[in-house]
Structure formats: C-alpha cells, structure tokens
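Visitor: Take me through this model, please. I want each label set against its cut-off.

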Amino acid sequence: AQCNLGAMYAQGLGVDQDYKEARRWYMLSAEKGNADGQYNLALAYAQGLGTCKDVGQAQAWCQKAAAQGQPKAEALLSSLAESGSPKASKQVGEMQALLSASAEVEALSQKARAGDADSMYLLALRYSRGRGVPEDLKEAL
C-alpha cells in the first residue's frame with residue numbers, strides 16, 4: 001500500500017503531484033523489503049525526483065530490488081552501470097513511461113481481481129483519468 005501511495009504522489013493520481021512525498025512513501029515501502037518500492041526509490045534517486053540525484057543510492061536500492069526479482073531493476077542497473085544515470089533521451093524516457101504504466105496497470109488489475117481494495121481504487125483512478133489506459137468511466141466504476 002505504501003508503494004501504491006508513492007505512485008499516486010509521483011503521478012498526481014487523486015493528490016497533487018509531489019515527488020518528495022512520493023519518495024518518502026517509496027522509502028517506507030523499500031525499507032520494509034518491498035521490491036517495487038525499492039525499484040521506485042532507486043529510480044527517484046537516479047533521476048533526482050524528490051531528492052538530490054544520487055547514483056550510489058540508486059544502485060544500492062536497485063540491487064536490492066533486482067535480488068528479489070523485480071523485472072525492471074536489472075535494466076535500470078545496466079543503465080546506471082553504463083552511464084551513471086538512466087538513459088535520458090526523450091524517446092527512451094517516453095517508451096519507459098509507457099511500459100511502466102502498462103506494467104503497473106497489469107499489476108493493479110491482477111491485484112484488483114484478487115480482491116485488493118487499494119488496487120481497485122488505484123485502477124479506478126487510472127480509468128477515470130485515462131492514465132496508462134484509455135479513459136473509461138464505466139470501467140472506473
């Protein structure tokens with residue numbers, strides 16, 4: 001739930017977009033061993049979102065996420081090792097955002113089908129605003 005709350009702040013879903021608050025929630029999640037929280041915290045450090053850019057912290061948190069099998073962590077680790085920061089081209093960034101949104105929607109959908117109320121709420125917000133999915137108010141309800 002803490003990682004999901006971080007994502008809400010990072011994307012401005014139901015709250016004002018606030019990267020510092022997102023990083024705070026990602027940190028709480030990461031410290032409890034949540035692989036997605038660790039990955040998102042690594043990404044925040046790598047990109048300097050809500051904090052000062054810190055490649056060392058990014059790599060440390062990303063390694064923890066990768067050790068737990070977080071699928072995007074290996075790619076971020078490779079990017080950090082090659083360049084010291086994630087690939088920054090606009091096209092790569094846009095593609096990563098689309099893939100990330102798609103993966104998040106799929107994960108939320110699976111959790112929602114399993115009865116997770118937080119995931120149902122976040123998925124409804126995405127459908128109501130067209131974030132990572134086509135806007136669909138019927139699906140949101």
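**Labels and their cut-offs**

Guide: Helices α3 and α4 are roughly antiparallel to each other. This is a predicted model, where local features need pLDDT of at least 70 and side-chain atom pairs count only at pLDDT 80 or more, while totals for chains, interfaces and linings use all residues. Numbering starts from 1 along each chain as its sequence is written, and side-chain values use heavy atoms, without hydrogens and water.

Visitor: Why are α3 and α4 called roughly antiparallel?

Guide: The axes of α3 (residues 35-47) and α4 (residues 55-67) cross at roughly 160° and come within 8 Å. Angles over 145 degrees count as roughly antiparallel, under 35 as roughly parallel, 65 to 115 as roughly perpendicular and the rest as oblique. The label therefore fits α3 and α4. Their crossing is left-handed.

Visitor: What makes the contact between α3 and α4?

Guide: Contact means heavy atoms within 4.5 Å. Among the residues involved are Leu41 and Tyr45 of α3 and Trp61 and Lys64 of α4. The contact residues divide into 10 nonpolar, 2 polar and 1 charged.

Visitor: Is Ser29 buried or exposed, and how do you know?

Guide: Its relative accessible area is 3%, so Ser29 is buried (under 20%; exposed is over 50%, partly exposed in between, with a 1.4 Å probe and protein chains only). Ser29 sits in helix α2 (residues 19-31). Beyond four places in sequence, Ser29 touches Gln2, Cys3, Asn34 and Gly37.

Visitor: Where is confidence lowest in the protein chain?

Guide: In helix α6 (residues 90-113), with a mean pLDDT of 62 (the predictor's confidence in each residue, from 0 to 100). Helix α2 is highest, at 95. Over residues 87-92, pLDDT stays under 50. Where pLDDT is low, predicted coordinates should not be read in detail.

Key. Axes fitted to C-alpha atoms, helices over the stretch in contact; angles between N-to-C directions. Helix = DSSP H or I, 4+ residues; strand = E, 2+ residues; numbered from the N terminus. Left-handed = near helix turned anticlockwise from the far one by under 90°. Nonpolar A, V, L, I, M, F, W, Y, C, P; charged D, E, K, R; others polar.
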